[in-house]
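The exercises below are meant to be worked through with the sequence and the 3D view side by side. Each task is followed by a solution that goes step by step.

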Amino acid sequence: MIKKYLEVGKIVGTHGIRGEMRVECWANSPDFLRQFKTLYLDGGKTALSVTCRPHKNIALLTVKGIGSIEEADTLRGKVLYIDRDNVRLDEGEHFVQDIIGLAVTDIDSGEVYGTVTDVLKTGSNDVYEMEDADRKRFYIPVIPDIVQELDFDKGAVYIRPMKGLFDDED
């Protein structure tokens, strides 16, 4: 199921005395949050009018109506959300939250190997962490030879596994 509101980070502390907050950003970079004028709390139920700016490896967030360190501190630990409708992704880009939970399925046989539990960023290519029915973990490199298709309507990532991906064959 595609979620309307997506987690993008967590308020981890305050910055200065005027109510600015430090946000641990869960997007590609802290700069990602700069494009939003509205962020949400409580899974999308509470809208906040905001401005964001990157600062080292975090984002600094100012919320309209919050002007002191004490007011900002009440939001510490809260998860921030964006509305999916406010984001435009480039061709071939997807939200990690949409990929997690997809059934890893053999494109040729239809066999379901397990479920994507995480997407790891390795630099050269992403890697899907997959867990099978026995809770054994496997790692699937997201390269064109293996990952053939993502079908969000069917809830599946279709792969053509290379020899040895799921066992110790030669």
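**Exercise 1. Follow the strand pairing that starts from β1.**

Solution. In this predicted model, begin with β1 and strand β2 (residues 20-25), which pair in the antiparallel sense over 6 bridges. To fix the register, take Ile11 and look across to β2, where its bridge partner is Val23. Next, turn to the connection: the hairpin of β1 and β2 has 4 residues between the strands, and in this hairpin Gly16 takes a positive phi near 75 degrees. Finally, go on from β2 to strand β5 (residues 58-63), to which β2 is joined by 3 bridges, the two strands running antiparallel. Here the register can be read from Met21, whose bridge partner in β5 is Leu61.

**Exercise 2. Classify the ring pair of Phe138 and Phe166, and place the pair in the chain.**

Solution. A pair of aromatic rings is described by the distance of the centres and the angle of the planes. Rings pair if their centres lie within 6.5 Å, and planes over 60 degrees apart count as edge-to-face; by this rule the count comes to 4 aromatic pairs. For Phe138 and Phe166 the centres are 5.2 Å apart and the planes stand at 75 degrees, so the pair is edge-to-face. As for position, Phe138 belongs to strand β10 (residues 137-141) and Phe166 to the segment after β12 (156-159), so that the pair links distant parts of the chain, 28 residues apart. Are these two residues buried or exposed? Both Phe138 and Phe166 are buried. To complete the picture, add Tyr113, which forms one aromatic cluster with Phe138 and Phe166.

**Exercise 3. Find the charged group that sits over the ring of Tyr5.**

Solution. The charge to look for must be within 6 Å of the ring centre. The charged end of Lys4 sits over the ring of Tyr5, at 5.6 Å from its centre.

**Exercise 4. Describe the largest pocket and its lining.**

Solution. Start with the volume: about 770 Å³ of space lies in the largest pocket. Then consider the lining, which is made by 31 residues, of which Asn28, His94, Phe95, Val96 and Lys121 are the closest to the centre of the pocket. The elements that give two or more residues to this lining are β1 (5-15), α2 (96-99), β8 (112-121), β9 (126-131) and β11 (147-151). Which element gives the most to the lining? That element is β11, with 4 residues. Last, sort the lining by residue class, which yields 18 nonpolar, 7 polar and 6 charged residues.

Methods. Residues numbered from 1 in each chain as written. Predicted model: local features only at pLDDT ≥ 70, side-chain atom pairs only at ≥ 80, totals over all residues. Heavy atoms only, no water. Phe/Tyr/Trp six-rings, centres within 6.5 Å; stacked < 30°, edge-to-face > 60°. Buried < 20%, exposed > 50% of the residue type's maximum accessible area, 1.4 Å probe, protein only. Lys NZ or Arg CZ within 6 Å of the ring centre and 35° of its normal. 1 Å grid on protein atoms, 1.4 Å probe; cavity = no way out; pocket = protein on both sides within 12 Å on 5 of 7 lines; lining within 4 Å. Points joined across faces, edges and corners; volume = space filled by probe spheres on them. Nonpolar A, V, L, I, M, F, W, Y, C, P; charged D, E, K, R; others polar. Pairing = 2+ DSSP bridges.
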